[in-house]
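Visitor: Could you take me through one part of this model closely? I would like to follow a single helix and see what surrounds its covered side.

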Amino acid sequence: MHRQFARDYDSLTAIYEFAEEILAANEIGEAVRFPVHLAMEELFTNMVKYSPDTDSEIGVDIVVDGRAVTVTLTEDDVDEFDVTQAPDVDIGAPLAERTPGGLGLHLLQNIVDELEYDYHNRRSRVIFTKESG
Amino acid sequence: MFEIDYGDDGEVMCSGRLDASQCAKAQSFMDEIADTRTLDFSGLEYISSAGLGILLKTQKRLAESGAALKITNVNNHIYDVFRYSGFNAIFDIKAKE
């Protein structure tokens, strides 16, 4: 299923509800639903944050195939930002040296099973897959 | 929906979903905390990096005066998020029993 969302943090509830509708209908358990919601938010907010000069909507596609959930987020008229190449975060640093920057993409890389990025003609597309069990 | 308020014993009760759209509400509450305080996450279902950023910012501010946030009743999914983020080394965290 596909839906478009306004480029705004206030879209997060609608994105959550859209995903829940599909995941619940396919009897996807909480162990997969939580990381799927988290990955979707981290990618969506990353798109909103790092492309402030465009007001194009962000497309979200969700496909359930057996135990695997695949989500694609697409945005147009943006610069390239390869989320698979995000710099690593030192999660072992002491409190005084910790900063929140980069945690979202760090989490993303830890909670999904597959992560792909594609950029062509100013269209940015991120695809992730999460499998149960 | 995200809710945050003081409980009967002075702990901070958090519930709902702490995502990027709820950060202003969470941040304004956390900014008023000035001493060591326990956050009760028994009603919190979800947290993203936006919420982690608020916790981290508050912990760093409190550490300057020797105070700290403690977090209790954390569900398994949020506990995993803390673990992936290294927060289990910089916060006193207790999982939900």
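Guide: The buried residues of α3(A) pack against α2 (30–50) and β4 (114–120) of chain A, and also against α2 and α3 of chain B. Two residues are in contact here if their C-beta atoms, placed from the backbone, lie within 7 Å. Helices (H or I, at least four residues) and strands (E, at least two) are DSSP runs, numbered from the N terminus. This is a predicted model, in which local features need pLDDT of at least 70, side-chain atom pairs count only at pLDDT 80 or more, and totals for chains, interfaces and linings use all residues. Residues are numbered from 1 along each chain as its sequence is written, while chains are lettered from A and ligands numbered from 1 in the order in which they are written.

Helix α3 of chain A spans residues 103–111, and 7 of its 9 residues are buried (20 or more other C-beta atoms within 10 Å of a residue's own, again placed from the backbone). They are Leu103(A), Gly104(A), Leu105(A), His106(A), Leu107(A), Leu108(A) and Ile111(A).

Now for the partner chain. The contact between the chains takes 19 residues from chain A and 21 residues from chain B. On chain B, α2 (49–63) and α3 (76–85) each supply at least two residues of the side that touches chain A, and α2(B) gives the largest share, 9 residues.

As for confidence, the model scores ipTM 0.94 and pTM 0.95. Chain B averages a pLDDT of 96, where pLDDT is the predictor's confidence in each residue, from 0 to 100.

Methods. Buried ≥ 20, exposed ≤ 12 C-beta atoms within 10 Å, placed from the backbone.
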